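Colleague: I'd like a close look at one part of this model, the place where the helices pack against one another and leave pockets. Could you walk me through it slowly, with the terms spelled out?

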Amino acid sequence: DGGEGGRRADGSRERGILVAHKIEDAVLARAQGVLAWVLAKQHRYEESLDCYERAIQIHGGETAGRQGLELSKLKEGMGLVHEQLEQLEAALERYEESLAIKEQILGHHHPMVAGVLVSLAGAAQRSKRLDEALDRYARAEKVFGLAVG
């Protein structure tokens with residue numbers, strides 16, 4: 001039987017519960033992220049930011065593998081919303097966080113990294129940080145060139 005109270009000596013029940021909770025959290029975080037995206041498309045930016053914040057909180061901050069890419073996507077989406085609200089410093093911060101995660105997981109020469117670089121460049125340009133914008137555009141162009149060529 002599993003021992004006292006249905007517990008197994010090897011702890012597999014506890015591990016199973018932990019895995020189930022992680023899966024549940026991942027699904028909830030993704031649902032919040034989708035809701036945030038939908039609200040942003042409806043120009044309900046403050047509500048969208050609230051959903052992104054909840055999604056990131058539920059996510060738990062894992063920066064490796066698929067979970068890291070999900071977190072990066074949430075931060076990039078949040079950056080887009082901040083940009084729509086003309087909160088350019090906050091947008092730049094979220095884009096930088098997204099970039100760091102993607103570079104950690106995918107390396108510096110992946111097309112997904114270039115996409116964030118373009119977002120960063122645009123926000124930097126709108127913030128009148130022209131040298132930074134040019135640097136980001138140049139990096140993105142180099143990455144896209146490597147990916148295509």
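Modeller: Here is a tour of the helix packing, followed by the pockets.

A word on ground rules: residues are numbered from 1 along each chain as its sequence is written, and this is a predicted model, where local features need pLDDT of at least 70 and side-chain atom pairs count only at pLDDT 80 or more, while totals for chains, interfaces and linings use all residues. Side-chain values use heavy atoms, with hydrogens and water left out.

Let's start with helix H2 (residues 45-59) and helix H3 (residues 65-84), where helices are DSSP runs of H or I with at least four residues, numbered from the N terminus. Their axes lie 10 Å apart and the packing angle is about 160°. An axis here is a line fitted to C-alpha atoms over the stretch in contact, and angles run from 0 to 180 degrees between N-to-C directions. H2 and H3 are therefore roughly antiparallel to each other, a label for angles over 145 degrees. The crossing of H2 past H3 is left-handed, so the near helix is turned anticlockwise from the far one by less than a right angle.

Who touches whom? On the H2 side, the contact (heavy atoms within 4.5 Å) includes Tyr45, Leu49, Tyr52 and Ile56, and on the H3 side it includes Leu71, Leu74, Met78 and Val81. By class, the residues of this H2 and H3 contact are nine nonpolar, six polar and three charged. In that scheme Ala, Val, Leu, Ile, Met, Phe, Trp, Tyr, Cys and Pro are nonpolar, Asp, Glu, Lys and Arg are charged, and the others, Gly among them, are polar.

Now follow H3 across to H4. The axes of H3 and H4 come within 8 Å and cross at roughly 160°, which makes H3 roughly antiparallel to H4. This crossing is left-handed. Among the H3 residues in the contact are Gly68, Leu69, Ser72 and Gly79, and they face an H4 set that includes Ala90, Ala91, Tyr95 and Ile101. The H3 and H4 contact splits into eleven nonpolar, six polar and six charged residues.

Next in the chain come helix H4 (residues 88-106) and helix H5 (residues 111-126), whose axes come within 9 Å and cross at roughly 160°. H4 and H5 are therefore roughly antiparallel to each other, and their crossing is left-handed. The contact includes Leu92, Leu99 and Leu106 of H4 and Val113, Val116 and Leu120 of H5. Its residues are twelve nonpolar, two polar and four charged.

That leaves the gaps. The largest pocket holds about 440 Å³ of space. A pocket, on a 1 Å grid over the protein atoms alone, is an open set of points where a 1.4 Å probe fits, with protein on both sides within 12 Å along at least five of seven lines, and lining residues have an atom within 4 Å of a point. The volume is the space filled by probe spheres set on the points, which are joined across faces, edges and corners. Of the 19 lining residues, Trp37, Tyr52, Lys73, Gly77 and Leu80 are the closest to the centre of the largest pocket. H3 gives the most to this lining, with nine residues.

The second largest pocket has a volume of about 160 Å³. Its lining includes Lys22, Asp25, His59 and Gln67, and H1 gives the most, with three residues.

Notes: Helix = DSSP H or I, 4+ residues; strand = E, 2+ residues; numbered from the N terminus. Parallel < 35°, antiparallel > 145°, perpendicular 65-115°, else oblique.
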